[in-house]
Amino acid sequence: MIALRNITKEFGSRGRVMTALSDVSLHVAAGRIMGVIGESGAGKSTLIRCVNLLERPTRGEVIVDGVNLMQLSPSELAKVRRNIGMIFQHFNLLASRNVFDNIAFPLELNNTPRADIERRVHELLKLVGIESKALEYPANLSGGQKQRVAIARALANNPHILLCDEATSALDPATTHTILSLLKEINEKMGITILLITHEPDVVKAICDEVAVLGGGKLLEVKEVQ
Amino acid sequence: MLDLFVKGLWETIVMTFVSGFFGFALGLPMGVLVFITRKGQIRENYAVNSALSVFINIFRAIPFIILIVWMIPFTRMVVGTSIGVAAALVPLSVGAAPFIARMTENSFLEVPYGLIEASRAMGATPFQIVWKVLIPEALPSLVNCVTITLITLIGYSAMGGAVGAGGLGQIGYQYGYVGYDLVTMNIVLALLVILVFIVQATGNYISKRADHR
């Protein structure tokens with residue numbers, strides 16, 4: 001469950017203030033897929049970064065699974081973030097690690113024993129369908145394969161929530177379709193709540209239960225997807 | 001004569017690598033600190049960043065030959081003498097550290113910001129980000145920093161020779177410059193050139209091996 005309450009985010013200082021988000025409230029129920037759509041500059045990127053406090057809102061509350069993230073200490077926040085997966089437009093895989101070690105990364109962060117890492121990474125490789133690529137480096141993978149690795153990495157700690165930041169915007173239409181099907185499958189199998197932002201209406205139509213429209217930093221409307 | 005060159009070469013190698021080691025022991029943490037305290041970075045801190053930056057700039061501004069002399073009291077305190085290889089290690093390490101700090105900072109700047117953001121999103125602590133993301137991702141570039149530093153130190157150590165630091169520099173200076181022995185001077189130069197080539201080639205090889213981009 002994600003609840004954003006009256007989120008306002010201002011950037012800049014000393015007189016020149018730019019308001020990226022103004023009084024946005026959004027609720028995503030557990031197990032749902034919510035799409036946020038809007039033109040570039042509408043505040044989508046800032047909005048999704050407010051959910052795990054990569055950007056700290058100037059005002060408002062961020063509640064994830066009943067916990068108000070704004071009140072947590074940095075170390076408590078780091079722990080909560082391990083239960084919120086995130087994938088990105090440009091994948092953000094570590095070039096210095098192969099596929100296996102990239103997926104193992106979030107598990108290493110909370111000192112998971114090596115044997116458990118081994119077992120979990122193999123499960124995830126299977127889930128996203130890239131078992132044969134375990135020892136490849138990201139530089140040798142296609143865009144779709146990279147995003148599969150990123151999804152596996154995001155799911156490593158069994159998060160309740162997955163944030164998708166323009167996750168298919170760097171992919172061709174066919175690959176976009178397969179990645180979206182994978183996200184849908186994960187949502188159905190694991191009951192994971194997904195918040196995704198996109199500028200492509202087709203993405204919303206393909207997998208979202210609900211859509212929120214953002215424009216000029218304001219939430220314009222929220223509706224069910226037919 | 002051969003003994004002289006072997007001894008000189010060995011002293012130069014010792015000075016270069018030992019001061020390179022201590023230079024990194026001092027410079028790498030400084031580079032990490034100056035990077036993570038930059039604006040928008042994981043431990044943004046204007047005061048620490050500016051203070052460190054000023055400190056680095058001051059030490060980088062001091063010409064090495066003057067640094068050696070300027071540091072004599074400190075060198076005496078640390079190693080008990082101001083002449084010889086051990087004494088040269090002190091100004092060499094201190095001279096290299098700020099240089100290494102800046103190069104480390106530059107290497108980290110090349111790491112795409114998205115990787116740091118993704119690590120933060122995964123709940124990595126600042127220490128984990130430095131240790132598991134910044135350093136491994138910047139490794140090919142850091143290896144190049146090591147190479148550049150070692151080669152610079154070979155040059156610096158030769159300069160130290162002029163003030164009694166030992167090594168090939170001193171032989172070149174005494175026999176070549178003071179005694180005008182061209183053969184000795186040219187042998188010294190040839191040895192320095194060979195040393196630089198070996199260090200550069202090894203550095204390139206290791207950097208390439210570490211690079212998966």
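These legends describe close-up views of a predicted model.

**View 1. The largest pocket is lined by residues that include members of chains A and B.** The space in this pocket comes to about 830 Å³. Its lining counts 26 residues. Nearest the centre lie A:Leu53, A:Leu54, B:Gln41, B:Ile42 and B:Arg120. Four elements each give two or more residues to the lining: strand 1 (2-11) and helix 2 (74-81) of chain A, with helix 6 (113-121) and helix 7 of chain B. Helix 2 of chain A supplies the largest share, five residues. By type, the lining of the largest pocket holds twelve nonpolar, four polar and ten charged residues.

**View 2. The second largest pocket has a volume of about 210 Å³.** From chain A, the lining takes A:Gly12, A:Ser13 and A:Arg14. From chain B come B:Thr37, B:Arg38, B:Lys39, B:Glu44, B:Asn45, B:Tyr46 and B:Asn49. One residue of this lining is nonpolar, five are polar and four are charged.

**View 3. A nonpolar patch lies on the surface of chain B.** Its members are B:Ile65, B:Ile66, B:Val69, B:Trp70, B:Met159 and B:Val163. Together they have about 540 Å² of accessible area. Helix 3 (residues 64-70) of chain B gives the largest share, four residues. B:Val163 sits in the loop between helix 7 (126-161) and helix 8 (167-178) of chain B. B:Val163 has a relative accessible area of 41%, so this residue is partly exposed. Patch residues need over 30% relative accessible area, a cut-off that B:Val163 passes at 41%.

**View 4. A salt bridge joins A:Lys9 to A:Glu55.** The N to O distance is 3.8 Å. The pair links distant parts of the chain, 46 residues apart. A:Lys9 belongs to strand 1 of chain A. A:Glu55 belongs to the loop between helix 1 (44-51) and strand 4 (59-64) of chain A. Are these two partners buried or partly exposed? A:Lys9 counts as buried because its relative accessibility is 10%, and buried means under 20%. A:Glu55 is partly exposed, with a relative accessible area of 23%.

**View 5. A:Lys205 and A:Asp202 form a salt bridge within helix 7 of chain A.** The closest N and O atoms are 4.0 Å apart. Why are the two residues separated by about one helical turn? They are three residues apart in helix 7 (residues 201-207) of chain A, which means a separation of about one helical turn. A:Lys205 counts as exposed, at 62% relative accessibility. A:Asp202 also counts as exposed, at 56%.

**View 6. The side chains of A:Glu221 and A:Lys223 meet in a salt bridge.** N and O are 3.8 Å apart in this pair. A:Glu221 has a relative accessibility of 38%, so this residue counts as partly exposed. A:Lys223 is partly exposed as well, with a relative accessible area of 42%.

**View 7. A network of salt bridges links A:Arg32, A:Glu210 and A:Glu224.** This network has one arginine, A:Arg32, and two glutamates, A:Glu210 and A:Glu224. Over all chains, the structure holds 20 salt bridges.

How values were computed: Residues are numbered from 1 along each chain as its sequence is written. Chains are lettered from A and ligands numbered from 1 in the order in which they are written. This is a predicted model: local features need pLDDT of at least 70, side-chain atom pairs count only at pLDDT 80 or more; totals for chains, interfaces and linings use all residues. Side-chain values use heavy atoms; hydrogens and water are left out. Patches are made of residues with over 30% relative accessible area and no salt bridge: like charges are joined within 9 Å, nonpolar side chains (Val, Leu, Ile, Met, Phe, Trp, Tyr) within 5 Å. Accessible areas come from the Shrake-Rupley method with a 1.4 Å probe; for residues, only the protein chains shown count as cover. Buried means under 20% relative accessible area, exposed over 50%, partly exposed in between (1.4 Å probe, protein chains only). On a 1 Å grid over the protein atoms alone, a cavity is a set of points where a 1.4 Å probe fits but cannot get out, and a pocket is an open set with protein on both sides within 12 Å along at least five of seven lines; lining residues have an atom within 4 Å of a point. Grid points are joined across faces, edges and corners, and a volume is the space filled by probe spheres set on the points. Ala, Val, Leu, Ile, Met, Phe, Trp, Tyr, Cys and Pro count as nonpolar, Asp, Glu, Lys and Arg as charged, and the others, Gly among them, as polar.
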